[in-house]
Structures are given as structure tokens and as C-alpha cells.
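Q: Please go through the model with the reasoning laid open, setting each value against the criterion that gives it its name.

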Amino acid sequence: MNSFIFEAARLKNAYRTVREQSRHLSAPLSAEDACVQPALEASPAKWNLAHTTWFFETFLLERWEKPFKPFHPSYRILFNSYYNGVGEKHPRARRGMLTRPSLEEVWAYRNAVDERLLALSDQIWEEPEFIKLCTLGMNHEEQHQELLLTDIKFLLFQNPLLPAYHNIPLPVSPAAPQRWIASEGGLQPIGFKGEGFCFDNEGPRHRVFLEPFEVASRLVTNGEFAEFVHEGGYQNPSLWLAEGWDWVTSQERKNPLYWQKKEGAWFEFTLAGLVPLDSERPAVHVSYFEAEAFARWAGARLPSEFEWESVGAQQAPEGHFADRGVYHPTAEGADRNKPLGNFLGNTWVWTSSSYAPYPGFQTAEGAVGEYNGKFMVNQYVLRGGSCVSPVDHLRVTYRNFFPSWAAWQFTGLRLARDVR
């Protein structure tokens, strides 16, 4: 086999692997599970499965298959998310109303697009622009695999039966004592550099100046956050940003999402069902508002995304990701060789940085240019990935982003503080 065909075969194999993982994650779901939309910010599993297929049909098949015929003309509108350059979109708030097409028909759509895409010649699979768009599509689907799990968890939590997505037991282990790790700061390189894929918002690479700071050796635990709850953190307006306090009072928040108190004891809803709250595991599903208030209560602050990346660049790219199949954060133990533990994975880390373009950022031409740039307003940056992130999807330079009130994603916090 010559190298030309080998490269095409390798890309096709990567494509098959990503697509099969979506099928694997969807296996525990019934057709009813896959159709319901529990909130505006969460999409039905069926829509996620169709939208990721729509991406490949719209941006690859439509361009390279000759002659091209859409699988179904209406799907171009039904499963478009936010690409205004492509055309009309079905309203996001009504995705859960799409009882048709059925889940079976969505799987037929996926299978047909896969078959047609893989039938394209190796020469097409070797074209640089095809490789670029296919790689973007695979990373896009990996993002939706994470969303599929977060959205289904939010859906199952609405059910008074509190059903489990799977029955894999959660590991039990102690967390290491928190220590403070010093950084001298200074002029630091930020952003992606080198070969391989990155999203456009990870560049251009540039430099930032950081004052000396310290970062916590591990994530904040459930036990520590429970102290914040017990000491009235949700009732103390002096700890909250003004908009955060409005959110707490209007939403009547008294504890993190998925926490429930029964007979004086705290429990936590997980994808494995309702379990006793483990004080050693990292706190998860907290909004930016909650993370910022906790940091203030703890006499610390949230790290900037640049502080986080400057420290993370020195850590091994290891962590607790979705490949373990646990889908919940695990306690971070002590390791002399890893003073900051597994810096990636477990929970996304809120930073104090507003989501904004790097100096010199350029939006890509065409509809794919709508992928990241137009969302650079009213969002905060998250770093590090989580227990539901695909293992090969993350980098230290990866920039996730959510609005300040969002808590259904696997978001936690790692504290930082100034050096006095």
C-alpha cells in the first residue's frame, strides 16, 4: 500500500471511529430519551446525532460528491444550528418538537451519509481542503458527544424517578490536601503552536505578561463547596457579583445543580443515578457566578485563562476523560511527581477571562467562519476538559466558553491567588 492511499485510509479510519463513538454513547437511550429537549440550552440526543451528520453532508458531500442529492431537502433547515451563511434554521427552542423524523430515520440518515462520504475516491480524501473540513467535522462531532452526555443528564434529572444513564459504579478514593503552587509569571507564550488540529480561537500565538501568582494543586472538592453552602454562601450578597446575586435570588438557588438533601444528608445526581455526595470528589456543575462567589469566600480568586495555560503548558497531557466510561469526576490523589495532579480532565475550569479574540485573530471565510468568532461576547472561558470530554480532543490551548449562568456542563473550579 503506497503512502497516498495509506493517508486516505488513516483519515477514513479516524472518521469511522468518531462516528461509531456517537453510536456507542447513544446505545443506552430509548427513542423517547432521544427526542426530548429539557431546556433551551440543551438539545435532544436525536438532534445532536442528526446535526453532526448535517455538518458532513453540507460541508463535504455537497461540495465533493458529483452529482450531489440531499438525503432529505428539509434536513438542511431542521438540523442547521447557527450557520446563517447556509440558510434558514429550525428554531432552537423547538428542537424537542421534532418527533419526526424518527430516531430510526436519523440513524438511516447517518448511515447513508457515512456510506456516501466513504465512497468518495482516495484522491478526494487526500485533498488539503477536504482533510481540513473533515478534521473540523470530526472535532465538531466530538464536541457534540460531550454535549450529548451533558444534555441527557440534564434531561434525566427532570424525571422524578431520577433514572440512571448507565450502572457503572463511581470510584471512591481520598483527595490530596490542597497546596499552593507558585508561578513567577513574566512574559508567557499563549496559544496553539505546531502541527495538528486546533480551533481557530486558539490562535494566533502571542505573548502576555503575568504578575507572580499561585494556583491550587487540585480542584475544589464537594466537601469544600459543602462548607460554603453550610456557612450561608448562597444567602450572603457580599460574596456575589451583582448579576450573580440577581441570578441566585431569581432562581432560588441554595446549592449546586444536581445536589439534593434527604434526611439531613446531601446526595448528588450523576449519570449513574442518585448517589451520596462524596466529599473527596471535585465539585461540578457550578456556574461562573457560583465559582466566583466561592473563590471570594475562600479568600482567593479564579485564575485567568493565561495563568491557567502558562501552568498547564508545563504539565503532562493526562487526566480523567470520557474514555474511562465513568462520566463523573474522580478524587485527585497525591503524586510527588505531579504537584498539580492530572491538570486536564475531571471538570472544566472556570477562568476569570472573558471570551475574546486573540491579537491578530481572523475569521475564516465562508460559513465555517461562524464556528467560533461570532460567539466572542458575554461568555467566560473554560479550560482543561472534563470526564465527558473525548481523550484525544483536548489540548492545553483549547478554549471552551459558556455564559456566566451555565451549570449543566461539567464545570468546576481551581483556585488562584496573588503573591503578596
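A: Helices and strands are DSSP runs numbered from the N terminus, a helix having at least four residues and a strand at least two. The model discussed here is a predicted one.

Q: Where is Pro-67 found, and what makes the peptide bond before Pro-67 notable?
A: Pro-67 is found in the loop between helix H3 (45-64) and helix H4 (75-78). The bond from Lys-66 to Pro-67 is cis, with omega near -10°. Most peptide bonds are trans.

Q: Which peptide bond leading to Pro-204 is cis or trans, and with what omega?
A: The bond from Gly-203 to Pro-204 is cis, its omega being near 0°, and Pro-204 lies in the loop between strand E2 (186-190) and strand E3 (206-210).

Q: What makes the phi of Tyr-258 stand out?
A: Tyr-258 is not a glycine, and yet its phi is positive, at about 80°. Most residues other than glycine have a negative phi. Tyr-258 has its place in the loop between helix H9 (242-251) and strand E5 (259-262).

Q: Why is Tyr-258 called buried or exposed?
A: Buried means under 20% relative accessible area; Tyr-258 has a relative accessibility of 1% and therefore counts as buried.

Q: What is the phi of His-285, and is the residue buried or exposed?
A: His-285, a residue other than glycine, has a positive phi near 65°, and with a relative accessibility of 0% His-285 counts as buried. His-285 is found in the loop between strand E7 (273-276) and helix H10 (288-297).

Q: What makes Glu-62 and Arg-76 a salt bridge?
A: The criterion asks for a side-chain nitrogen of Lys or Arg within 4 Å of a carboxyl oxygen of Asp or Glu. The closest N and O atoms of Glu-62 and Arg-76 are 2.7 Å apart, so the pair meets the cut-off. Because Glu-62 lies in helix H3 and Arg-76 in helix H4, the pair ties together parts that are 14 residues apart in sequence.

Q: Why are Glu-62 and Arg-76 called partly exposed?
A: Partly exposed covers values between the limits of 20% and 50%; Glu-62, at 31% relative accessibility, therefore counts as partly exposed, and Arg-76, with a relative accessible area of 33%, is partly exposed as well.

Q: How do you know that Glu-141 and Arg-110 form a salt bridge, and what does the pair tie together?
A: Their closest N and O atoms are 2.9 Å apart, so the pair satisfies the 4 Å limit. Glu-141 lies in helix H7 (residues 128-157) and Arg-110 in helix H5 (residues 103-118), so this pair ties together parts that are 31 residues apart in sequence. Glu-141 counts as buried at 0% relative accessibility, and Arg-110 counts as buried at 2%. Both residues also belong to a network of salt bridges that links Arg-19, Arg-110, Asp-114 and Glu-141.

Q: What makes the pair of Arg-383 and Glu-305 a link between distant parts of the chain?
A: The two form a salt bridge, with the closest N and O atoms 2.7 Å apart. Arg-383 is in strand E11 (residues 380-383) and Glu-305 in helix H11 (residues 305-312), 78 residues apart. Arg-383 and Glu-305 are buried. A search of the whole structure finds 18 salt bridges.

Q: Why do E5 and E6 count as paired strands?
A: Pairing requires at least two bridges; E5 and strand E6 (residues 265-270) have four, in the antiparallel sense, so they count as paired. Trp-259 stands opposite Glu-268 in E6.

Q: What makes E5 and E7 the edge strands of their sheet?
A: In this open sheet of three strands, with the order E5-E6-E7 and antiparallel pairing, E5 and E7 each pair on one side only. Neighbouring strands are turned by 35° against each other on average, direction ignored. Helix H8 (residues 222-230) packs on the sheet, touching E5 and E6, and its direction makes about 70° with that of E5.

Q: How do you know that E10 and E13 pair?
A: Strand E10 (residues 348-354) and E13 share two bridges in the parallel sense, so the requirement of at least two is met. Trp-348 stands opposite Thr-411 in E13. The open sheet of four strands has the order E12-E11-E10-E13 with mixed pairing, and strands E12 (400-402) and E13 (411-412) are its edges, each pairing on one side only.

Notes: Residues numbered from 1 in each chain as written. Heavy atoms only, no water. Buried < 20%, exposed > 50% of the residue type's maximum accessible area, 1.4 Å probe, protein only. Axes fitted to C-alpha atoms, helices over the stretch in contact; angles between N-to-C directions. Contact = heavy atoms within 4.5 Å.
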